[in-house]
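Reader: I should like to go through this model step by step, with the reasoning set out for each value. Please begin once the structure is in view.

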Amino acid sequence: MSMRILFEDLVNTGLSTFFFFIASIVLAALNHKSGAEIAAVIFGFLATAVYAVNTFLAVQKWRVSIHQQSANDYIRARTESRDVDGRPEIQRLDT
């Protein structure tokens, strides 16, 4: 996956967590103790917890992809530096 997609997933899950949490707090504060509203509050907090876990996993995946990208850049730079021809400091002088 590209880093852009991973970052968009991270932002999406983070914002969803935040908005579910705010909506759950507002509904918990304004409910009239009916069965449907209590169930909605419970569902809202459960959905917030699930989105929080998903956000945590997205952060972990994003961090791993950043680390792999920097390692790949290092390996590519090392490989390219070995492919240079005609370096005078490594040529034999007695030829």
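Reader: How far apart are the end C-alpha atoms of helix 1 in this predicted model?

Author: Helix 1 covers residues 3–30, which is 28 residues. At 1.5 Å a residue, helix 1 should span 40 Å. The computed distance agrees with that expectation, since the end C-alpha atoms of helix 1 are 41 Å apart.

Reader: Which residues of helix 1 are buried?

Author: An α-helix has 3.6 residues a turn, so residues three or four places apart point the same way. Burial here requires under 20% relative accessible area. In helix 1 the buried residues are Leu6, Leu10, Thr13, Ser16, Thr17 and Ser24.

Reader: What is the phi of Lys33, and is Lys33 buried or exposed?

Author: Lys33 lies in the loop between helix 1 and helix 2, the latter being residues 35–82. Most residues other than glycine have a negative phi. Lys33 has a positive phi, near 65°. Because its relative accessible area is 65%, and the cut-off for exposure is over 50%, Lys33 is exposed.

Reader: What is the helix content of residues 38–59?

Author: The unreviewed UniProt entry places the feature "transmembrane region" at residues 12–32 and 38–59. Residues 12–32 are 90% helix and 0% strand, with end C-alpha atoms 31 Å apart. For residues 38–59 the end C-alpha atoms lie 32 Å apart, strand content is 0%, and helix content is 100%.

Reader: What share of the 95 residues is buried?

Author: The protein has two helices and zero strands. Its accessible surface is about 7,600 Å², and carbon and sulfur atoms account for 66% of that surface. Of the 95 residues, the buried share is 15%.

Methods:
Residues numbered from 1 in each chain as written. Predicted model: local features only at pLDDT ≥ 70, side-chain atom pairs only at ≥ 80, totals over all residues. Heavy atoms only, no water. UniProt positions renumbered as here; feature names shortened; annotations may be inferred. Helix = DSSP H or I, 4+ residues; strand = E, 2+ residues; numbered from the N terminus. Expected span 1.5 Å × (residues − 1). Buried < 20%, exposed > 50% of the residue type's maximum accessible area, 1.4 Å probe, protein only. Areas by Shrake-Rupley, 256 points an atom, 1.4 Å probe, with all protein chains shown as cover.
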